[in-house]
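Biologist: I should like to learn how to read a structural model. May we go through one together?
Modeller: Certainly; please look at the model first.

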Amino acid sequence: MSTESSIIVTAHPEFMQAAVAELKQLDTRLTIIEELTDSITPCSVTDIHALQQRATKERLVFVRHLAPAQKTVYLTNTEQDLIEIATEIADLPTFSQLERGTHFAVQSRFVQTNKSFGERPYSSGHLNQALAAAFGEETGAVEDIKKPQVIVSILCTMYQGYVGISTAEENLSPWPGGARHFAQTPEQISRAEFKLLEALEYFDISLEPGKRVLDLGAAPGGWTRLLLEADMQVVAVDPANLDQRLIRRKGLEHYRGYAEDYVEEAIRNRKMFDAIVNDMRMDAREAARGLAYASRCLKNDGFVVSVFKLPHATPTINPLLTLKDALNIMSKAYRVVQTHQLFHNRQEVTVVAAQPIRRT
Ligand SMILES: C[S@@+](CC[C@H](N)C(=O)[O-])C[C@H]1O[C@@H](n2cnc3c(N)ncnc32)[C@H](O)[C@@H]1O
């Protein structure tokens, strides 16, 4: 198999087809080579660099990560592999991107780690460290795992390694496979916190102290905690209890009821918010209708961050149609609507909206 012009696409297993379809819009000759796992699919493309460049300009919803496969290395699962991989990478024309002072990372991913395929004498961590040390010494580039400008990507199956070099921007994420991990903290209330953290980072949104935020579907209170930590004034709406640690926190009001009722009341009483966040477990179209209505209590320069839950695909249900309907509803109420399937999203996407459309 020639991989000189192939790209490794990473997406959520349920949305891999949708991710490939998005990329086909950018390169009509893109074809799937094989499905390595349900979330990692190498595809042959006309021109890797051109596709990655186009992908950075489009706001793709389902493609989480792109890694170039500019060369294939045959692996013997011995220590010799490290030398072979290092040599092939150093021979790539794109190796010149590792210049003195450039911040870079080596990101290797292993698939088929099942022991029945045999043992590997090196781990991905070991590979990353050994190669980063060697390339850093050779080029003067500086290893920077958290904020790399340039990424050396390696994907190893049992007998093949796909290697390539590109910028973090071209990969659509500085994290291996787009897997943005956050450290757990003792204060954390729910795993849902990661979803909000990732959304804020991905959509480049900052939480401003003193601003008023409406948190719909707030319990047990992970998002509420993060909003309070940012010194925001929070109205947390949920019929369920909030975590004990949030009780009597300054800046928090818990409306123990349904979002529909609270929003109705807020509009009637002319309450206005700087932000609305929503993590309610409900159909995406229903959430969109609720948020479209709630736009009346969002300030002109306010924003919305919302999770849209999607159904699982069945022969009669197409989750993409549900999403299309929901986004249509949103775009009638907001001028700006952006969507992405984040690493911490499950059968759902995250939507950010701004500039509410006022109708008189
Ligand atoms: C996934 S949890 C939210 C997790 C929360 N964001 C966190 O960080 O802890 C979904 C919540 O939505 C609430 N919910 C579902 N429908 C609702 C509605 N119509 N009004 C208010 N809350 C609702 C549920 O009670 C549940 O607590």
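Biologist: How far does a polar side-chain atom of D279 lie from a nitrogen atom of the ligand?
Modeller: One begins with pairs of polar atoms. In this predicted model, the distance from a polar side-chain atom of D279 to a nitrogen atom of the ligand is 2.8 Å. Overall, the protein covers 86% of the 600 Å² of accessible area that the ligand has on its own.

Biologist: Which residues have a polar atom 2.9 Å from an oxygen atom of the ligand?
Modeller: Side chain and backbone should be read separately. S190 places an N or O atom of its side chain 2.9 Å from an oxygen atom of the ligand. In G222, a polar backbone atom is 2.9 Å from an oxygen atom of the ligand.

Biologist: How many residues surround the ligand, and of what classes are they?
Modeller: One lists the shell and then sorts it. The ligand is surrounded by 19 residues, and the closest are S190, G222, D238, A259 and D279. Sorted by class, the shell holds 10 nonpolar, 5 polar and 4 charged residues.

Biologist: Which helices each supply at least two residues of that shell?
Modeller: Helix 6 (222-229) and helix 7 (259-268) do so. As for the pocket, the ligand takes the space of the second largest one.

Biologist: How should the protein as a whole be described?
Modeller: One counts its elements, then considers its dimensions. The protein has 9 helices and 16 strands. Its radius of gyration is 23 Å, close to the 21 Å given by the globule rule for 360 residues, so the protein is as compact as a globular protein of that length. The C-alpha trace spans about 70 × 45 × 40 Å along its principal axes.

Biologist: Where is the cis peptide bond from A219 to P220, and what is its omega?
Modeller: For the backbone, one reads the torsion angles. The bond from A219 to P220 is cis, with omega near 5 degrees. P220 belongs to the loop between strand 10 (212-216) and helix 6.

Biologist: What is phi of N77, and where is N77 found?
Modeller: Phi of N77 is near 60 degrees, a positive value in a residue other than glycine. The loop between strand 5 (71-74) and helix 3 (80-91) contains N77.

Notes. Residues numbered from 1 in each chain as written. Predicted model: local features only at pLDDT ≥ 70, side-chain atom pairs only at ≥ 80, totals over all residues. Heavy atoms only, no water. Near = heavy atom within 4 Å. Polar contact = N/O pair within 3.5 Å; in protein donor to acceptor, adjacent residues only side chain to side chain. Areas by Shrake-Rupley, 256 points an atom, 1.4 Å probe, with all protein chains shown as cover. 1 Å grid on protein atoms, 1.4 Å probe; cavity = no way out; pocket = protein on both sides within 12 Å on 5 of 7 lines; lining within 4 Å. Sits in = over half its atoms within 2 Å of the grid points. Helix = DSSP H or I, 4+ residues; strand = E, 2+ residues; numbered from the N terminus. Nonpolar A, V, L, I, M, F, W, Y, C, P; charged D, E, K, R; others polar. Rg over C-alpha atoms; globule rule 2.2 N^0.38 Å.
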